[in-house]
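Colleague: Got a minute to go through this one with me? I'd like to hear the reasoning behind the labels.

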Amino acid sequence: MRILISGAGIGGPALAHWLARYGHRPTVVELAPALRAGGQAVDFRGPTHLTVLRRMGLLDELRERQTGGTPMTFTDLRGRTRLHLPAEFAGGEVEIRRGELVQLLHRHSAPGTEYLFGDTVTALRQDADGVDVTFRHAPARRFDLVVGADGLHSHVRALAFGPERQYVRHLGYYAATWPFANRLGLPAGTTGVNTPGRLAAAGADPRDPGRAGAFLLFASPELALDRHDPAALRALLRERFADLPHPVPQLLATLDEVADRDLYVDSISRADVPAWSDGRIALLGDAACGATIGGMGTGTALVAAYVLATELARADGDHRTALTRYERTVRPYAERCQRGGDRTGPFLAPRTARGLWLRDTLLSRPALLNRMLALGEDVATLDLPEPASGRPSGTGGAGGQPEPVVTGPDS
């Protein structure tokens with residue numbers, strides 16, 4: 001099958017990897033001119049995540065590149081430690097920088113995948129036999145299946161299922177991240193100043209102490225925020241955090257040196273789509289059932305990519321049967337994971353002083369902390385279908401591994 005995937009983040013290249021292994025011809029289109037190198041560390045936990053990574057042939061490489069986890073320390077306005085969480089609380093069993101994971105997924109999928117960078121889908125028109133796709137730059141083409149793996153603000157979802165406001169709900173917080181040179185001498189791990197409704201945190205990269213990352217979070221009703229206006233985003237962050245003590249002013253000063261493409265600011269939101277497919281157009285990962293942070297979105301996207309490709313192979317090209325099985329298998333699992341995103345803002349920055357005290361007091365008890373870690377692993381467990389038989393187990397599709405096809409503005 002000729003399958004178009006929108007999005008070259010996590011889910012898109014993972015799906016392309018599996019589709020090529022099962023003999024399909026995937027094309028990935030990505031709006032950015034190149035792979036996105038930034039982002040926070042992402043983690044995997046539990047047997048389901050590790051099984052998919054092992055079947056992809058990625059687990060050993062990820063373990064070689066893992067950060068070792070990121071401990072978190074919360075302080076008050078006077079710099080006193082109020083709560084310390086161990087590395088495994090946020091880092092799972094394997095934690096890796098997001099940019100490195102994207103590079104690995106691209107490298108493993110590229111031999112059997114066509115990549116179109118610096119382009120996007122502008123129109124979709126489907127009939128019983130296929131989908132006619134119009135691109136902003138590339139010539140129009142026809143595909144057997146189109147998959148939107150383009151995140152919470154999915155363009156494919158907007159074109160095929162309706163406007164974002166129908167599916168995405170604001171959860172009361174905004175988050176921001178950016179990298180910077182560690183001239184502040186920050187240690188490894190994440191240390192954050194916590195006040196009611198706000199968290200300003202930063203820490204050195206555990207594998208490169210000369211680099212550091214910032215993470216800011218604040219409670220707010222939904223704002224008329226243009227995510228593509230870096231000047232407005234910088235002004236918003238300075239306004240919300242200007243009154244906090246050292247080292248927050250120094251942290252905000254690094255906003256002047258960060259490249260626009262490396263500054264991430266967005267609402268904490270979740271997507272809920274009643275049906276993940278319409279004919280020959282389907283959704284994957286955050287586009288279907290995502291949460292901005294805290295919803296195990298990375299692991300869920302890899303699991304969903306594996307299940308979708310495997311069901312297409314088992315159904316021998318019957319997309320209706322495959323998409324039904326895919327959603328029936330993955331939806332309950334994804335919705336369990338997604339609920340973590342609902343709690344992320346209130347956990348990291350409770351809105352009241354009493355809420356902060358309760359969180360710090362309860363999670364200082366080892367028994368409760370261990371129970372939360374165990375529950376996180378239980379949520380991330382799914383009975384996976386076995387790989388479909390009769391196809392090669394290597395990276396490329398049937399008939400060998402063609403050279404990567406990559407096009408974009410600089411090609």
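Colleague: Which residues of strand S9 are on the covered face, and which are on the uncovered one?

Modeller: Keep in mind that this is a predicted model. In S9, residues 131-135, the covered face has Val131, Val133 and Phe135, while Asp132 and Thr134 make up the uncovered one. In a regular strand, side chains alternate between the two faces of the sheet.

Colleague: How do you know that S8 and S9 are paired?

Modeller: Pairing takes at least two bridges found by DSSP, and S8 (residues 121-126) has five to S9, with the strands running antiparallel. So they count as a pair. Arg125 stands opposite Asp132 in S9, and the two strands make a hairpin with four residues between them.

Colleague: And what makes S9 and S10 a pair?

Modeller: Again the cut-off is at least two bridges. S9 and S10 (residues 141-143) have three and run antiparallel, so they pass. Here Val133 is opposite Arg141, and five residues sit between the strands of this hairpin.

Colleague: What makes Arg142 and Asp127 a salt bridge?

Modeller: The limit is 4 Å from a side-chain nitrogen of Lys or Arg to a carboxyl oxygen of Asp or Glu. This pair comes in at 2.7 Å, N to O, so the label fits. It links distant parts of the chain, with Arg142 in strand S10 and Asp127 in the loop between S8 and S9, 15 residues apart.

Colleague: Why is Arg142 called partly exposed?

Modeller: Under 20% would be buried and over 50% exposed. Arg142 has 29% relative accessibility, so it falls in between. Asp127, at 34%, gets the partly exposed label too.

Colleague: How many salt bridges are there in the structure?

Modeller: The structure holds 26. One of them joins the side chains of Arg97 and Asp205 at 2.4 Å, N to O. Arg97 lies in strand S6 (residues 94-97) and Asp205 in strand S14 (residues 198-205), so the pair ties together parts that are 108 residues apart in sequence.

Colleague: Is Asp205 buried or exposed?

Modeller: Buried: its relative accessible area is 14%, and the cut-off is under 20%. Arg97 is at 25%, so that one counts as partly exposed. Both residues belong to a network of salt bridges that links Arg65, Arg97, Glu100, Asp205 and Arg207.

Colleague: Why is there no disulfide between Cys289 and Cys337?

Modeller: A disulfide needs the two sulfur atoms within 2.5 Å. The sulfur of Cys289 is 8.7 Å from the closest cysteine sulfur, that of Cys337, so it is too far for a bond. The count comes to zero disulfides. As for exposure, Cys289 is buried at 7% relative accessible area, and Cys337 is buried at 3%.

Colleague: Which residues form the nonpolar patch on the surface?

Modeller: Trp357, Leu358, Leu362, Leu368 and Met372, with about 420 Å² of accessible area together. Helices H12 (353-363) and H13 (366-379) each supply at least two residues, and H12 gives the most, with three.

Colleague: What makes Trp357 accessible enough for a patch?

Modeller: Patch residues need over 30% relative accessible area. Trp357, found in helix H12, has 48%, so it clears that bar. The label is still partly exposed, because exposed would take over 50%.

Methods:
Residues are numbered from 1 along each chain as its sequence is written. This is a predicted model: local features need pLDDT of at least 70, side-chain atom pairs count only at pLDDT 80 or more; totals for chains, interfaces and linings use all residues. Side-chain values use heavy atoms; hydrogens and water are left out. Patches are made of residues with over 30% relative accessible area and no salt bridge: like charges are joined within 9 Å, nonpolar side chains (Val, Leu, Ile, Met, Phe, Trp, Tyr) within 5 Å. Accessible areas come from the Shrake-Rupley method with a 1.4 Å probe; for residues, only the protein chains shown count as cover. Buried means under 20% relative accessible area, exposed over 50%, partly exposed in between (1.4 Å probe, protein chains only).
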